[in-house]
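User: Please take me through a single part of this model in close detail, and place that part within the whole for me. I am new to the structure, so explain each term as you go.

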Amino acid sequence: WSSLRGIRAPGTGIPGVVALGMRRRVDGWDFAALHGKGPAVRVDLDRPAHFGRLVVSVPDPEKTAAAIHAVTRV
């Protein structure tokens with residue numbers, strides 16, 4: 001939840017419960033799909049990506065991050 005930036009627009013949000021949708025910031029957009037207080041993964045993207053950051057609830061953030069790194073070679 002601490003990785004969320006901007007205001008939801010459009011989307012659904014109840015702090016600590018659910019954040020689903022796009023988040024508008026002064027310099028762009030982020031996307032969030034968070035549910036509850038469980039683990040999540042944050043992916044910071046470079047331009048020209050539409051979103052600057054993705055924040056998504058996942059059951060195993062370490063495994064998810066490793067899979068992302070393997071595909072993107074970052």
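Analyst: **The sheet and its surroundings**

Of the contacts in the protein chain between residues at least 6 apart in sequence, 17% join residues at least 24 apart, where contact means heavy atoms within 4.5 Å. The model is predicted, so local features need pLDDT of at least 70 and side-chain atom pairs count only at pLDDT 80 or more, while totals for chains, interfaces and linings use all residues. Residues are numbered from 1 along each chain as its sequence is written, and side-chain values use heavy atoms, with hydrogens and water left out.

The whole chain comes before the part. One helix and five strands make up the secondary structure of the protein chain, and from the N terminus on they follow the order β-β-β-β-β-α; both kinds of element are DSSP runs numbered from the N terminus, helices being H or I over at least four residues and strands E over at least two. The radius of gyration of the protein chain is 12 Å, close to the 11 Å that the globule rule gives for 74 residues, so the chain is as compact as a globular protein of that length; this radius is taken over C-alpha atoms, and the rule is 2.2 Å times the number of residues to the power 0.38. Along its principal axes, the C-alpha trace spans about 30 × 30 × 15 Å.

The part to look at closely is the sheet. Its five strands form an open sheet in the order β1-β2-β3-β5-β4, with mixed pairing, and two strands pair if DSSP finds at least two bridges between them. The edge strands are β1 (7–14) and β4 (40–44), each of which pairs on one side only. Neighbouring strands of this sheet are turned by 10° against each other on average, direction ignored, with axes fitted as lines to C-alpha atoms, for helices over the stretch in contact, and angles running from 0 to 180 degrees between N-to-C directions. In general, strands of a sheet pair through backbone hydrogen bonds, either parallel or antiparallel.

Starting from one edge, β1 and β2 (residues 18–25) pair in the antiparallel sense over six bridges. Within this pair, G11 stands opposite G21 in β2, and R8 has R23 of β2 as its bridge partner. The hairpin of β1 and β2 has three residues between the strands, and G16 there takes a positive phi near 80°. P10 has its place in β1, and the peptide bond that leads to P10 from A9 is cis, with omega near -5°. A second cis peptide bond joins R47 and P48, with omega about 15°; P48 lies in the loop between β4 and β5 (51–57). As background, most residues other than glycine have a negative phi, and most peptide bonds are trans.

The next pairing is also antiparallel, with eight bridges between β2 and β3, and V18 stands opposite H35 in β3. A hairpin through two residues joins β2 to β3.

Within β3 (residues 28–35) lies D30, which is buried because its relative accessible area is 3%; buried means under 20% relative accessible area, exposed over 50%, and partly exposed in between, with a 1.4 Å probe and protein chains only. The side chains of D30 and R25 are joined by a polar contact of 2.9 Å, and the side chain of D30 also reaches the backbone nitrogen of R53 at 3.1 Å. A polar contact is a pair of N or O atoms within 3.5 Å; within protein, one must be able to donate a hydrogen and the other to accept it, and residues adjacent in sequence count only if both atoms are side-chain atoms. Leaving aside residues up to four places away in sequence, D30 touches R5, G21, M22, R23, R25, F51, G52 and R53.

After the strands comes the helix. The 12 residues of α1 (residues 61–72) should span 16 Å at 1.5 Å a residue, and this agrees with its end C-alpha atoms, which are 16 Å apart; the expected span is 1.5 Å times one less than the number of residues. A70 lies in α1 and counts as partly exposed because its relative accessibility is 47%. Just after α1, R73 takes a positive phi of about 60°.
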